[in-house]
Amino acid sequence: MDQVDFNAPHSMGTTIIGVTYNGGVVLGADSRTSTGVYVANRASDKITQLTDNVYVCRSGSAADSQVVSDYVRYFLHQHTIQLGQPATVKVAANLVRLLAYNNKNNLQTGLIVGGWDKYEGGQIYGVPLGGTIVQQPFSIGGSGSSYLYGFFDQAWKEGMTKDEAEELVKKAVSLAIARDGASGGVVRTVIINSEGVTRNFYPGDQLPIWHDELEAHDSLLDIIGAPEPMTI
């Protein structure tokens, strides 16, 4: 039997999503961090704050995505002090792109930058492996995204409300969790607009159930319908 290597690099085989709506953006992610077949963290937070108005969704190597986020957060802090005003989403995304591209031979991470600023409103930028940057109305990434392209082609529409956009993100992440073994846990969302930032958390029992998934139970006995153990 193969041994599980508990010292292998932690990987966020992941589902990350960024969606624009009429007034802002919604970012979403699952919470499973794995080391091979071993789940190292079932409730990790893959949506990281860069500034007050810009967040990044992280996929790929957990270490690589964290160090890119840390550097970008530091540079944006310096930038804000020098300019005396918050950095724009475009500046933040281009800093992520710069680090990802210049270190493309050493990094294994795909990122989605999302935020709101007073100049261009809500924006989503995808920065996949290799350091390309693409502004999109929605972006999906991670291993779970393979199952979502057709769904987004059908379900995404221009001018969604905030609630519609968050429901779309929640539904999409739960669909990916159902199909992708490397995605799982809970769903976290971040809504960014002119009013600020709202973080939401959806545990497994609040997510839709798809296909042949089993409903959440407190005990295996609930599933097989066995009687309760006898008391002596």
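Two strands pair here if DSSP finds at least two bridges between them. With that in hand, welcome to a set of close-up views of a predicted model.

**View 1. The β4–β5 hairpin and its turn.** Strand β4 (residues 33-35) and strand β5 (residues 38-41) pair antiparallel, with 3 bridges between them. One place to look is T33, whose bridge partner in β5 is N41. The two strands make a hairpin with 2 residues between them. In that turn you will find G36, which has a positive phi of about 65°. Is G36 buried or exposed? With a relative accessibility of 65%, G36 counts as exposed, because the cut-off for exposed is over 50%. If you measure from G36 to G13, the C-alpha atoms lie 9.4 Å apart in space, while the two residues are 23 apart in sequence.

**View 2. T14, the annotated position.** The unreviewed UniProt entry carries the annotation "active site" at T14, and such annotations may be inferred rather than shown by experiment. T14 sits in the loop between β1 (11-12) and β2 (16-21). The relative accessible area of T14 is 0%, so this residue is buried. Which side chain makes a polar contact of 3.1 Å with the side chain of T14? It is that of K46. Setting aside neighbours within four places in sequence, T14 touches a list of residues that includes D30, K46, R58 and S59. The stretch G141, G142, S143 and G144 is also among the contacts of T14, and so are D180, A182 and S183.

**View 3. S183 and its polar partners.** Let us move on to S183, one of the residues in contact with T14. S183 belongs to the loop between α4 (162-179) and β12 (187-193). A relative accessibility of 1% means that S183 counts as buried. Two side-chain polar contacts are worth displaying here: S183 to T15 at 2.8 Å, and S183 to D180 at 2.6 Å. Leaving out neighbours within four places in sequence, the contacts of S183 include G13, T14 and T15. D30, R32, S143 and G144 are also in contact with S183, as are A176 and I177. D30, S143 and G144 appear in the contact list of T14 and in that of S183.

**View 4. The five-stranded sheet.** In which order do the strands of this open sheet come? The order of its 5 strands is β11-β2-β3-β12-β13, and the pairing is antiparallel. β11 (138-141) and β13 (196-202) stand at the edges with a single partner strand each, so one side of each has no neighbour in the sheet. On average, and ignoring direction, neighbouring strands of this sheet are turned by 15° against each other. In a regular strand the side chains alternate between the two faces of the sheet.

**View 5. The β12–β13 hairpin.** Zooming in on one end of that sheet, β12 and β13 run antiparallel and are joined by 7 bridges. They form a hairpin with 2 residues between them. Two residue pairs help you find your way: N193 stands opposite G196 in β13, and I192 has V197 in β13 as its bridge partner.

**View 6. R188 in strand β12.** R188 is part of strand β12. Its relative accessibility is 15%, so R188 counts as buried, given that the cut-off for buried is under 20%. Which backbone oxygens does the side chain of R188 reach? One is the backbone oxygen of A43, at 2.8 Å. Another is the backbone oxygen of S44, at 3.2 Å. Neighbours within four places in sequence aside, R188 is in contact with L27, G28 and A29, among others. Further contacts of R188 include A43, S44, D45 and I47, together with N200 and F201. From R188 to R199 the C-alpha distance is 7.4 Å, with their positions 11 residues apart in sequence numbering.

**View 7. Stepping back to the whole chain.** Finally, here is the setting for the close-ups. The chain has 5 helices and 13 strands, and 44% of its 232 residues are buried. Among contacts between residues at least 6 apart in sequence, 62% join residues at least 24 apart. The accessible surface of the chain is about 12,700 Å², and 51% of that surface belongs to carbon and sulfur atoms.

Methods
Residues numbered from 1 in each chain as written. Predicted model: local features only at pLDDT ≥ 70, side-chain atom pairs only at ≥ 80, totals over all residues. Heavy atoms only, no water. Helix = DSSP H or I, 4+ residues; strand = E, 2+ residues; numbered from the N terminus. Buried < 20%, exposed > 50% of the residue type's maximum accessible area, 1.4 Å probe, protein only. Polar contact = N/O pair within 3.5 Å; in protein donor to acceptor, adjacent residues only side chain to side chain. Contact = heavy atoms within 4.5 Å. Axes fitted to C-alpha atoms, helices over the stretch in contact; angles between N-to-C directions. Areas by Shrake-Rupley, 256 points an atom, 1.4 Å probe, with all protein chains shown as cover.
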